[in-house]
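Got the viewer open and a selection box ready? Let's take a walk through this one, stop by stop.

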Amino acid sequence: MLKNIFSKPVQLKVGDQFLTFHSIADFEFTLNGRTSVPVKKITDMVKQPPQKLRKEATTIKEIEKRFVAILSRSIENPKSINRALRELDLNVFSQDHNWRNIMAALNAGDDELNPYRRVAVVKYMQYLAARQEIIKYLYSEKQSSANAITPTVESNGTQTDRLSGTFILESPIVDSLKEEATDGLERLPKGESVVIKLGTSKEIGIRLSKHKCSLSSRNGIEFIDQGGKHHPLKKGKNVIGRDTTSTIKLDSSLRDVSRIHLVIENLGDNRLQLTDMSSHGTFMHPSLFVHQQSA
């Protein structure tokens, strides 16, 4: 059950537990621990054949598209997230970390809980992204070995399955998948908003997946794509991606660029709010961030 957030802290009944949150920041902090993939889930994934892993990755991608659409609409119409989440079948949410019960509890509230719903959707998308990265790694490993797993002989003479749960958890490759940035750039947190301020007549680098682009204030506020084409950023919301409805439509051949990849809100006074919605990430230098908040 949810209580009125204006008179007392928010209380959610998750299973047999009552969880109390004194602020949105308190709620977000709690959900941060629910964005990782549980060890048992990883162990189960390791045992799956490539075909099943691929099917799971496809399902997650379709679910992600729905959440991206919900978040994108909520930027312009914050109240839309309440109805959008109610219309979803709760079975699309995993039971890991009690996600399904958390969403059910949030659905019991009114519009005053919309900021909490936005945080929950963002954090759930980050959980899905973590699952996707592990699936990609497992699928690649299993395909490259043609399902023939070669035992590794340890120094003590024992054999270890190189695709065991322990190997995956300790593998530096999994860690690197979470931080793919190069050249000092850092991946923007998926679904969360970051505000930057462009200096006068400045140009800064930004990478959409592996494609080098930039933001410039030399001739008005512009996004410069991977081909060097200049796109003025209008006041308010600008959507960058491969979708035909995007404000700035990128080449459809750039398959690693999402249909809705990046939302840039031109706030005026050379301030831009960036929200990454992509599968393969948006990268910038962290020193440019002046403020960060949940989408």
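Helices here are DSSP runs of H or I with at least four residues, and strands are E runs of at least two, numbered from the N terminus. Counted that way, the protein has eight helices and 16 strands. Keep in mind that you're looking at a predicted model.

Start with the whole thing. Of its 295 residues, 48% are buried. Show the surface and you have about 14900 Å² exposed, with carbon and sulfur atoms supplying 49% of it. Among contacts with a separation of 6 or more, 60% are between residues 24 or more positions apart.

**Stop one: the helices.** Select α4, residues 80–87. Its buried residues are S80, I81, N82, A84 and L85. What do they pack against? Color α3 (50–76), α5 (99–107) and α6 (114–144), and you have the partners. Now hop over to α5, where W99, I102, M103, A105, L106 and N107 are buried. Their cover includes β1 (10–14) and α1 (24–32), along with α4 and α6.

**Stop two: salt bridges.** There are twelve in total. Pick R187 and E133 as a pair: their side chains meet at 4.0 Å, N to O. R187 sits in strand β5 (residues 186–187) and E133 in helix α6, 54 residues apart. Is this pair buried or exposed? R187 counts as buried because its relative accessible area is 16%, and E133 is buried too, at 11%.

Next, select K197 and D269, whose closest N and O atoms are 3.2 Å apart in a salt bridge. This one spans 72 residues, from strand β6 (193–197) to the loop between β13 (262–268) and β14 (271–276). K197 is partly exposed at 44%, while D269 is exposed at 59%.

Then try E203 with R218, a salt bridge at 3.1 Å. E203 lies in strand β7 (203–208) and R218 in the loop between β8 (211–216) and β9, so the pair ties together parts 15 residues apart in sequence. For a network, select E28, K123 and E192, which are joined by salt bridges that share partners.

**Stop three: the surface.** Select K61, K249, R255 and R259 to light up a positive patch. K61 belongs to helix α3 and is partly exposed, at 43% relative accessibility.

**Last stop: a loop.** Find G228, between β9 (222–224) and β10 (230–232). G228 is partly exposed at 42%. Draw a distance from its C-alpha to that of S214, 14 residues away along the chain, and you'll get 8.9 Å.

Methods: Residues are numbered from 1 along each chain as its sequence is written. This is a predicted model: local features need pLDDT of at least 70, side-chain atom pairs count only at pLDDT 80 or more; totals for chains, interfaces and linings use all residues. Side-chain values use heavy atoms; hydrogens and water are left out. Buried means under 20% relative accessible area, exposed over 50%, partly exposed in between (1.4 Å probe, protein chains only). Contact means heavy atoms within 4.5 Å. Patches are made of residues with over 30% relative accessible area and no salt bridge: like charges are joined within 9 Å, nonpolar side chains (Val, Leu, Ile, Met, Phe, Trp, Tyr) within 5 Å. Accessible areas come from the Shrake-Rupley method with a 1.4 Å probe; for residues, only the protein chains shown count as cover. Lys and Arg count as positive and Asp and Glu as negative; His and the chain ends are not counted. The place of a charge is taken as NZ of Lys, CZ of Arg, CG of Asp or CD of Glu.
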